[in-house]
Amino acid sequence: SAADPSGIRGVSTKLTVDDHARTFRGRSRVAGFRGIAVGLPEKLSYAFNAETGTLSAIWQGDFIGVNWNGQGSGDFHPASEAISLDQDVSFVQLADENAPWPLLPVMTKENKTNPDPLYPKNVGYQFRGYFLSELSVPTFMYGSGTIEIEDRSIAAGSAEQPHLNRVLRFESPTEQTVWFRALTGDICPESERAFRSGRLRLTIPKVETKLRSLSAEPKRSELLLHLQIPQGKSTLELQYEPLKK
């Protein structure tokens, strides 16, 4: 029943965002062992899996809760209901349009050993860190084969219905073709450029797409973008809109 000694205080496990973006690194169920959470002032947040180079979750509202007792800087979890996306590598050079997507190895209680510990490297992915803008918004840098990629997402739209604008900048030494796995789940095409899966609408530029069925029960598909990357620099812009229903 004694009072805490002078200098001892409780540390809040909830992180908030003010007028600058906030970035937190740690393990997370929505972003894997090398997760990065980014909270934007517009009350829109997302998680990035640095192990595989993919946008793995989006949510509106409060930023994150942190378990300070976790490994490294601590575990984190979204403080509001998140829309989870797949955490497999996003960019791959497939042998053909029917080749299966290489998936992140899954470990279970029965199989605790990673069957493919070099999975990201084996499909050409390499994380190169990130840098911050004046408002602390991170730009992630990674490679897919010989293509260098910069990946930055900011909030746009109205306060009532914000969305995430994601800009991918490529720099390639040669002209080449790569596939981008943009979305998975029960995907419903709303137009040539808009696709919905659950509570998320994705709008893409006018590029060649392939919607492939993965299973009938439950109904599950994957949306692939067939990208013709020119020599030199180019960009790809995507819009992720969380929906209330």
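In the predicted model, L15 stands opposite I64 of strand β6, and this pair belongs to the antiparallel pairing of β1 with β6 (residues 64-67), which extends over two bridges. Both strands are part of an open sheet of three strands, arranged in the order β1-β6-β7 with antiparallel pairing. Because β1 (14-15) and β7 (75-78) each have a single partner strand, they stand at the edges of the sheet, and one side of each is left without a neighbour there.

A further antiparallel arrangement is formed by strand β10 (residues 125-132) and strand β11 (residues 138-144), which are joined by six bridges. Within this pair, Y125 is placed opposite S144 of β11. The two strands, β10 and β11, make up a hairpin with five residues between them, and in the turn S136 adopts a positive phi of about 70°.

Outside these strands, E190 lies in the loop that connects β15 (187-189) with β16 (194-197). With a relative accessible area of 38%, E190 is classed as partly exposed, because this value falls between the limits of 20% for buried and 50% for exposed residues. When residues up to four places away in sequence are not counted, E190 touches F195, R196 and R201. For R201, the side chain is joined to that of E190 by a polar contact of 2.6 Å. R25, by comparison, is separated from E190 by 165 residues in sequence and, C-alpha to C-alpha, by 35 Å in space.

How values were computed. Residues numbered from 1 in each chain as written. Predicted model: local features only at pLDDT ≥ 70, side-chain atom pairs only at ≥ 80, totals over all residues. Heavy atoms only, no water. Helix = DSSP H or I, 4+ residues; strand = E, 2+ residues; numbered from the N terminus. Buried < 20%, exposed > 50% of the residue type's maximum accessible area, 1.4 Å probe, protein only. Contact = heavy atoms within 4.5 Å. Polar contact = N/O pair within 3.5 Å; in protein donor to acceptor, adjacent residues only side chain to side chain. Pairing = 2+ DSSP bridges.
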